[in-house]
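User: I have a set of questions about how this model is put together. Please keep the answers short and show the reasoning.

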Amino acid sequence: VAGGRDFYEILGVARTASTEEIQRAYRKLARTYHPDVNKDPAAEERFKEISEAYDVLSDPDTRQRYDRFGPDFRQVPEGVDPDAWAAASGGRRRRAGGRSSGRRTPVDDSGIFTEGFGVGDIDIEDLFGDLFSRAPRGPVRGADQEAELELTVEEAFSGRRHHITLPGPDGPRSYDVTIPAGVTDGQRIRLPGQGGRGRGEGSPAGDLYLVVRLAPHPRFRLDGRDIYVDLLVTPWEAALGAKVPVDGPGGEAKVSVPAGSSSGRRLRLRRRGMPNPKGSPGDLYAEIKIMVPPHLTAKERELFEELGRVSAFDPRKPK
Amino acid sequence: VTTSLARPVCLSLDSFSRAAGLHPDLVTRLVALGLLDATYDAGGAPYFAPSELARVARIQRLREGLSINYAALGLVLDLLDRIDTLEAVLRGRRPTHGGNDRRWTRTA
């Protein structure tokens, strides 16, 4: 197990770090990567690494052995290097209030308990600590995990099979997940039993949730299952009305632009939005956006100028 | 007229303790501390919803992994629950669309 990364590196401390520095680094990292706080599938492994590194480095004896013998220090029988061992035993001191059996020892509990519950004669915290350490370490279900799955609007629209790879306790794990047509942003897909590992025999693993994230799309905007798309029209199409094609994620559709449509007018195409596995699909909204030619030909300019002279229309004038 | 008294799927103290791998005394304490929720039958015996198993596992993981004491655990559990709720709300929140103008025009 210890064949991987350097323990100091894992905790991000120098080899010369003091016990306090090591503890500080450990506590920060443990809070960050605890599987109940951090749902990233990679967090569980990281947390185990951090705990293992701390178990070794927090004890002066094992730390010294680790420094001497490196990752294989557990295989080195005691007394291999008398000098080192003598030095280690000489420096061995019981740390008052320190951790005696690794990370399972609760810290600074007692006061709060006896006070909070007004039980003077029984040290509840002791009883608890006892129960926890004495009881056979029963199965503990694993924590749930969450991973993001980014989809394009088109993928969400049509649904498809996705091959995903996530970090796992025994190296990367892969899944083929069928994403149903019509998933929405933020929707969670549950993979039961694929989350954090449980502890102890027969303990169930947690669940893995894939959270769908819809990638921003250059043309489509989504609001739940409704899809919005700009409908580019010429000034004369907008003024006179026209039948123009609108390109939705499900293909092209013809839409009638009513005469006298200004920019911003929305044309609704019922049920042409995101499909809904459990109900009616969303709508597709085509939002009119009037475009003018960036460069006018002589003739176009003439016609526009004439229109300008003839028309009394002033959109800035209050009605 | 007979009405059936259907009790939701619940675990007795014994079966809950066995499933959680904990001593029943400890489970009782966790209830007394407000860390676990129990309902009581007419005889006063506690019953546990299966969802409490996930909670007790979380309690054990937090306690072992972060050395959190029982008093602080209550707070941590509450905060984690609140974060879950907030994240669920955020997930469900629709991305804002330019303007709240809901006008639309019926097409032929």
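User: Which residues does A:L11 touch, not counting residues up to four places away in sequence?

Analyst: The model is a predicted one. With residues up to four places away in sequence set aside, the list for A:L11 begins with A:I22 and A:A25. The rest of the list is A:Y26, A:L29, A:I50, A:A53, A:Y54 and A:L57.

User: Which residues have the most contacts inside the largest nonpolar core?

Analyst: In soluble globular proteins, nonpolar side chains tend to be buried together. Here the largest nonpolar core has 38 residues. Those with the most contacts inside it are A:F7, A:L11, A:L57, B:L30 and B:L36.

User: Which helix gives the largest share of this core?

Analyst: Helices that each supply at least two residues of the core include α1 (7–11), α2 (19–33) and α3 (43–57) of chain A. From chain B, α1 (13–20), α2 (24–32), α3 and α4 (70–92) each do so too. The largest share is six residues, and the helix that gives it is α3(A).

User: How many residues are in the second, separate core?

Analyst: This core is separate from the largest one. Among its members are A:L151, A:L214, A:A253 and A:L267. Its residue count is 36.

User: Is B:R58 buried or exposed?

Analyst: B:R58 lies in helix α3 (residues 51–66) of chain B. Beyond its neighbours within four places in sequence, B:R58 is in contact with A:D36, B:L77, B:L80, B:D81 and B:D84. The cut-off for buried is under 20% relative accessible area. At 14% relative accessibility, B:R58 therefore counts as buried.

User: At what angle do α1(B) and α2(B) pack?

Analyst: The contact brings B:L13, B:D14, B:F16 and B:S17 of α1(B) against B:P24, B:V27 and B:T28 of α2(B). The axes of α1(B) and α2(B) are 9 Å apart, and the packing angle is about 100°. That makes the two helices, α1(B) and α2(B), roughly perpendicular.

User: What is the make-up of the residues in the contact of α1(B) with α2(B)?

Analyst: Residues from α1(B) here include B:F16, and those from α2(B) include B:V27. By class, the residues of this contact are four nonpolar, two polar and one charged.

User: Which strands stand at the edges of the sheet in chain B?

Analyst: The open sheet has three strands in the order β1-β3-β2, with antiparallel pairing. Two bridges join β2(B) to β3 (residues 46–48) of chain B, and B:T39 has B:Y47 in β3(B) as its bridge partner. Each edge strand has a single partner strand, so one side of it is left without a neighbour in the sheet. The edge strands of chain B are β1 (11–12) and β2 (39–40).

Key
Residues are numbered from 1 along each chain as its sequence is written. Chains are lettered from A and ligands numbered from 1 in the order in which they are written. This is a predicted model: local features need pLDDT of at least 70, side-chain atom pairs count only at pLDDT 80 or more; totals for chains, interfaces and linings use all residues. Side-chain values use heavy atoms; hydrogens and water are left out. Two strands pair if DSSP finds at least two bridges between them. Helices (H or I, at least four residues) and strands (E, at least two) are DSSP runs, numbered from the N terminus. Buried means under 20% relative accessible area, exposed over 50%, partly exposed in between (1.4 Å probe, protein chains only). Contact means heavy atoms within 4.5 Å. A nonpolar core is a set of buried Ala, Val, Leu, Ile, Met, Phe, Trp, Tyr and Cys residues joined through side-chain atoms within 4.5 Å. Axes are lines fitted to C-alpha atoms, for helices over the stretch in contact, and angles run from 0 to 180 degrees between N-to-C directions. Angles under 35 degrees count as roughly parallel, over 145 as roughly antiparallel, 65 to 115 as roughly perpendicular and the rest as oblique. Ala, Val, Leu, Ile, Met, Phe, Trp, Tyr, Cys and Pro count as nonpolar, Asp, Glu, Lys and Arg as charged, and the others, Gly among them, as polar.
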